[in-house]
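This report goes from the whole chain down to a few of its parts. Please keep the sequence and the model in view while reading.

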Amino acid sequence: MLRKPGPEQTALEMVTLDELVPADHLLRKIEAAVDFSFIHDRVAGLYCPDNGRPPLDPTLMFKALFIGYLFGVRSERQLVREIEVNVAYRWFLRLKLTDKVFDASTLSQNRRRRFQDESVAQDIFDRIVEQAMARGFVSGKVLYTDSTHLKASANRNRFDKAMVEKSRADYWAALDAAVEEDRAAHGRKPLPEKKRQPPVVETKVSRTDPESGYMVRDGKPKGFFYLDHRTVDGRHGIILDSFATPANVHDSIVYLTRLDRQRERFDLDVRAVGLDAGYATAGIAKGLEDRGLYGVTGYRNPTPPRPGMMRKSAFKYDAEADVYRCPQGQALTYATTDRTGYRHYTSDPDQCRACPLLSSCTGNAKAERAITRHVWQDARDRVDAHRLTTEGRFIYKRRKETVERSFADAKQLFGHRYARFRGLLRVRWQCLLAAAAQNMKKIALLTASRAEPRPA
């Protein structure tokens, strides 16, 4: 006989919160594998010890933020609403079913008033990495680095144009010394002493988020973005570094500084690195050789000349004579070395005027062809050659399984397509906490897989 259901919502039941959370829930695995106790000690100095109202427990606050990243909840208001109704979230945060959940403004006010630099987020991220290392999930032998863009919270049509300095390369001091050494070796006078300044270019500056960068890259969307420069370990893809910059900062600008930080902070014995073509510069190649690292970088076709004009590759460099030779055999001799680190080699106009290839070689009014070569080009050539070796092919192939996979997971599962906040500091917090959450998930899953009995 068909009956109407009774009002079950008001019935009293004797249950524990632990009984309501599935045994295989991700948060159970994270709670079992990750130690969060260090958070309280790290931030205790930012709180008043004997005055004011009792604050929200900082460990609970950061665990709540990690829930937002782990389950792709972009809005903090929505996160609070999810915590109110999700028993697994309450269990993870040690909140009873009858406990009142904190207000979303508590998160924003703590971020605005108490955490005014990225040091806390960086330290939390580093401690999670150390826990992965303690469990043997990090080898530190081969590192993979790349960057991905996050769309800034800014309208791309609301901007002003301004003259802005480009980012400073982190190897300028070494380059200055190399330029002076090269000029002296060629019998040229030292360049007049002048403080190196980054070039100034006109660019678009967002009115909504001025700290974002206007990105113009082949195959990428145009607009205001941030870049997350990320390095992962080759063993299990544990993220070892995350550093956000405006999107108009080139990948190679901050690479060597961040690489040195990882090696020193985690005492890594790095042997090799895998990088995409954006890092294939003479400065990066020289930096890797100076650090004794086996670098493998991608290849990008150089910018083609005007249609019908001869490419630079048609000219062969004679290292012994320090000249370039054109297809007709003429030598392009050394002229000078500029401040940017490029040697200039020029042809003899008297010979070029009678050359049958003149029209396809140069459009210079003096009938002179010029070729440039970086003072560190030899290092660049050696690093480029690694890509063609058996070891180099294997390392480069692993990029898509490590750092590219890490970014794909971040975008698909951790809400990493968009900047949740405005301002570089807050975006750096987002990148660091999202990377820490990814590492927590990987640590938990790897630990659980070790604990599971294997079939005979």
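What percentage of the 456 residues in the protein is buried? Buried residues make up 47% of them. The model is a predicted one, and every value below was computed from it.

**The whole protein**

The protein contains 17 helices and 13 strands. Its C-alpha trace spans about 105 × 60 × 60 Å along the principal axes. Of the contacts with a separation of 6 or more, 70% are between residues 24 or more positions apart. The exposed area of the protein is about 24900 Å², and carbon and sulfur atoms supply 50% of that area. Among the side chains, 78 are positive and 59 are negative. The centres of these two sets lie 5 Å apart.

**Two helices**

The table sets out helix 4 and helix 10, with the span expected at 1.5 Å a residue and the distance between the end C-alpha atoms.

| Helix | Residues | Expected span | End C-alpha distance |
|---|---|---|---|
| Helix 4 | residues 58-70 | 18 Å | 18 Å |
| Helix 10 | residues 255-266 | 16 Å | 17 Å |

For helix 4, the expected span agrees with the distance in the model. The expected span of helix 10 agrees with its distance as well.

How many of the 13 residues of helix 4 are buried? The count is 13 of 13, and the helix is described as mostly covered. Helix 4 is followed by G72, which has a positive phi near 65°.

Helix 10 has these buried residues: Y255, L256, R258, L259, Q262 and F266. They cover an arc of only 165° around the axis, so they lie on the same side of helix 10. What covers these buried residues includes helix 8 (119-134) and helix 11 (282-290). Strands also take part in the cover, including strand 1 (142-151), strand 5 (223-233), strand 6 (239-246) and strand 7 (272-275). Just after helix 10 comes D267, with a positive phi of about 55°.

**One residue in helix 17**

N439 belongs to helix 17, which runs over residues 424-451. Is N439 buried or exposed? Its relative accessible area is 1%, and the cut-off for buried is under 20%, so N439 counts as buried. Leaving aside neighbours within four places in sequence, N439 is in contact with F125, I128, V129, I238 and I239.

Notes
Residues are numbered from 1 along each chain as its sequence is written. This is a predicted model: local features need pLDDT of at least 70, side-chain atom pairs count only at pLDDT 80 or more; totals for chains, interfaces and linings use all residues. Side-chain values use heavy atoms; hydrogens and water are left out. Helices (H or I, at least four residues) and strands (E, at least two) are DSSP runs, numbered from the N terminus. Buried means under 20% relative accessible area, exposed over 50%, partly exposed in between (1.4 Å probe, protein chains only). Contact means heavy atoms within 4.5 Å. Accessible areas come from the Shrake-Rupley method with a 1.4 Å probe; for residues, only the protein chains shown count as cover. Lys and Arg count as positive and Asp and Glu as negative; His and the chain ends are not counted. The place of a charge is taken as NZ of Lys, CZ of Arg, CG of Asp or CD of Glu. The expected span of a helix is 1.5 Å times one less than its number of residues. The arc is that of the directions from the helix axis to the C-beta atoms.
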